[in-house]
Amino acid sequence: MSIYSYYQQSYKVSTDSRHIEPASVFFALKGERFDGNDFALEVAEAGVASLVVADRPSLPDHPRIVKVNNTLEALQGLAMFHRLQMKQLKVLSITGTNGKTTTKELVSAVLSRKYNTIFTQGNFNNHIGVPLTLLRITPDTEFAVVEMGANHPGEIKTLAALACPDYGIITNIGKAHLEGFGSFEGVIKTKNELYENLKASNGTAFVNADNALLMDLSKDLSRHTYGTQSAECMVRPAACDPYLKVNVEGIGDIQTHLVGSYNFENVAAAIAVGRHFGVDDHDIKAALEEYTPTNSRSQVIEGRNRIIMDAYNANPTSMNASVRNFRQISGDEALLILGDMRELGDASEQEHRAILDLLKSSGFHQAFLVGPCFGKYNDNPEYLNFATVDDLIAHLGQHPVEGRTILVKGSHSIQLEKVLPCIQ
């Protein structure tokens, strides 16, 4: 039997030997710390339909073992082949510097009101996560919403080739992963690979009409626009105190549970997609009003302090937007807990200094800064430096804060989520 025949028995794959789904196809991937091939014989007895392993002489023949030269390439090849067999399916791919995960969640919530929809789980948006998402498609699936991340040139091109999207969204293009991309121009070129894929396949883009760069990059594409002006789907911000409310002609106000005006374009994209694909306006409103963010993304946590928890990730563009939004909603009792922005390469000093200048010009009187970069460039005695989050936790144990409005924002590797029990 072929690998695809085994896969069709359950439409399930596994890559973690600790979590084997019955009748699935197991791909033995080699990672930085573990090699799935080392567990092949153990997995063979765990009820899988088949195992795809590296062609090693040390692995014996087994009726359910398929040996290949490269297991990752086999996983990707199976995913691409499967996607092309699903003729009933529409694939919408989403990438961008900021907001792609939230946009993916919102778009999926809206589409799920009318269609059998699968979508990227968590942030499984790389060369392994995208094929795993595609392999969750079954013959009953009508829509697949596939998030695509990148930190090096060419990665979106590779992921788009796997997913073969019919539709696409670039949420925005900003300064992130500059160390990997080499420059902001490198970021633009890589994100634009999604548009290039859509152009080659006669696909369609959903484009923010308020974003001049995206409008220029998509000018030769079939596209549907959304935004506050000169757009096919007109959406306007109505309030943000701290939760975002938007107004849509024909729907009225939509009150979300999302903090920050920077989430406006994510909500607008979901509305545009829903309306284009015939989701009822009442269902669009209900889906967006019922969605609650998780995983430290734009969460408000009420307790002895009011916490704006946005610590899943950070780059200069998202940090700037978060700080500016926080100034609008925080009042006099504002406290910022900010972590370093990683993977900025030669631009790190310039970008960290720019955020420090923004804090001063915005009139913030107190900030806790975590990480060597902020610590190196901060010269304001009112802003305290901490080498690690554990150092900050120790300080908060001796100097607790209460009755404050607190923004928590930093790169995921800084682990600012660990500070939450100390300020809740």
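**Close-up 1. Strands β8 and β9 sit next to each other in this predicted model.** Strand β8 (residues 167–170) is joined to β9 by 3 bridges, and the two strands run parallel. One pairing to look for is Ile169, whose bridge partner in β9 is Phe206. Now take in the whole of β9, residues 204–208: 5 of its 5 residues are buried, so this strand is largely enclosed by the rest of the structure. Both of its faces are covered. Thr204, Phe206 and Asn208 are buried on one side, while Ala205 and Val207 are buried on the other.

**Close-up 2. From β9 the view moves on to β10, by way of a helix.** Strand β10 covers residues 222–227 and pairs with β9 in the parallel sense, over 5 bridges. Phe206 turns up again here: its bridge partner in β10 is His224. Asn208 has a partner in β10 as well, namely Tyr226. Together, β9, helix α9 (residues 212–217) and β10 make up a right-handed β-α-β unit.

**Close-up 3. Here β10 meets strand β11.** These two pair in the parallel sense over 2 bridges, with β11 spanning residues 233–240. Tyr226, the β10 partner of Asn208, stands opposite Cys233 in β11.

**Close-up 4. Two hairpins share strand β12.** On one side, β11 and β12 pair in the antiparallel sense over 5 bridges, and they form a hairpin with 2 residues between them. Val235 stands opposite Val248 in β12, if you want a pair to find. On the other side, 5 bridges join β12 to strand β13 (residues 252–259), and these strands run antiparallel. Asn247 has Asp253 as its bridge partner in β13. This second hairpin has 3 residues between its strands, and Gly250 in the turn has a positive phi of about 90 degrees. Which face of β12 is covered, and which is uncovered? Leu244, Val246 and Val248 make up the covered face of this strand (residues 243–248), and Tyr243, Lys245 and Asn247 the uncovered one.

**Close-up 5. Aromatic rings gather around Phe277.** A search of the whole structure turns up 10 aromatic pairs. In one of them, the ring centres of Phe143 and Phe277 are 4.8 Å apart and the planes lie at 75 degrees, so the pair is edge-to-face. This pair links distant parts of the chain: Phe143 belongs to strand β7 (residues 143–147), Phe277 to the loop between α10 (264–276) and α11 (281–290), and 134 residues separate them. Phe277 also pairs with Tyr167, with ring centres 4.9 Å apart and planes at 90 degrees, so that pair is edge-to-face too. Tyr167 comes from strand β8, 110 residues away from Phe277. Are these residues buried or exposed? Phe143 and Phe277 are both buried, and Tyr167 counts as buried at 15% relative accessibility. For Phe277 the relative accessible area is 8%. Ring pairs link Tyr115, Phe143, Tyr167, Phe206 and Phe277 into a cluster, and that brings back Phe206, the β9 partner of Ile169.

**Close-up 6. Helix α12 is shown from its start to just past its end.** This helix takes in residues 316–329, which makes 14 residues. From its first C-alpha to its last it reaches 20 Å, close to the 20 Å expected at 1.5 Å a residue. At the start, a side-chain oxygen of Asn315 reaches to within 3.1 Å of the backbone nitrogen of Thr317. Several residues along α12 are buried, among them Pro316, Met319, Val323, Phe326 and Ile329. Just after the helix, Gly331 takes a positive phi of about 75 degrees.

**Close-up 7. Glu351 is a buried residue in a helix.** Its helix is α13, residues 348–361. What is the relative accessible area of Glu351? The value is 8%, so Glu351 counts as buried. Leaving aside neighbours within four places in sequence, Glu351 is in contact with Lys175, Pro316, Met341 and Leu344. Pro316 is one of the buried residues of α12.

**Close-up 8. His395 and its contacts come last.** Look for His395 in helix α15 (residues 389–398). With a relative accessible area of 19%, His395 is buried, because the cut-off is under 20%. Setting aside neighbours within four places in sequence, His395 is in contact with Phe368, Leu384 and Phe386.

Key:
Residues are numbered from 1 along each chain as its sequence is written. This is a predicted model: local features need pLDDT of at least 70, side-chain atom pairs count only at pLDDT 80 or more; totals for chains, interfaces and linings use all residues. Side-chain values use heavy atoms; hydrogens and water are left out. Helices (H or I, at least four residues) and strands (E, at least two) are DSSP runs, numbered from the N terminus. The expected span of a helix is 1.5 Å times one less than its number of residues. Buried means under 20% relative accessible area, exposed over 50%, partly exposed in between (1.4 Å probe, protein chains only). A polar contact is a pair of N or O atoms within 3.5 Å; within protein, one must be able to donate a hydrogen and the other to accept it, and residues adjacent in sequence count only if both atoms are side-chain atoms. Contact means heavy atoms within 4.5 Å. Two strands pair if DSSP finds at least two bridges between them. A crossover is right-handed if, with the strands pointing away from the viewer, the path from the first strand over the helix to the second runs clockwise. Rings of Phe, Tyr and Trp (its six-membered ring) pair if their centres lie within 6.5 Å; planes under 30 degrees apart count as stacked, over 60 as edge-to-face and the rest as tilted.
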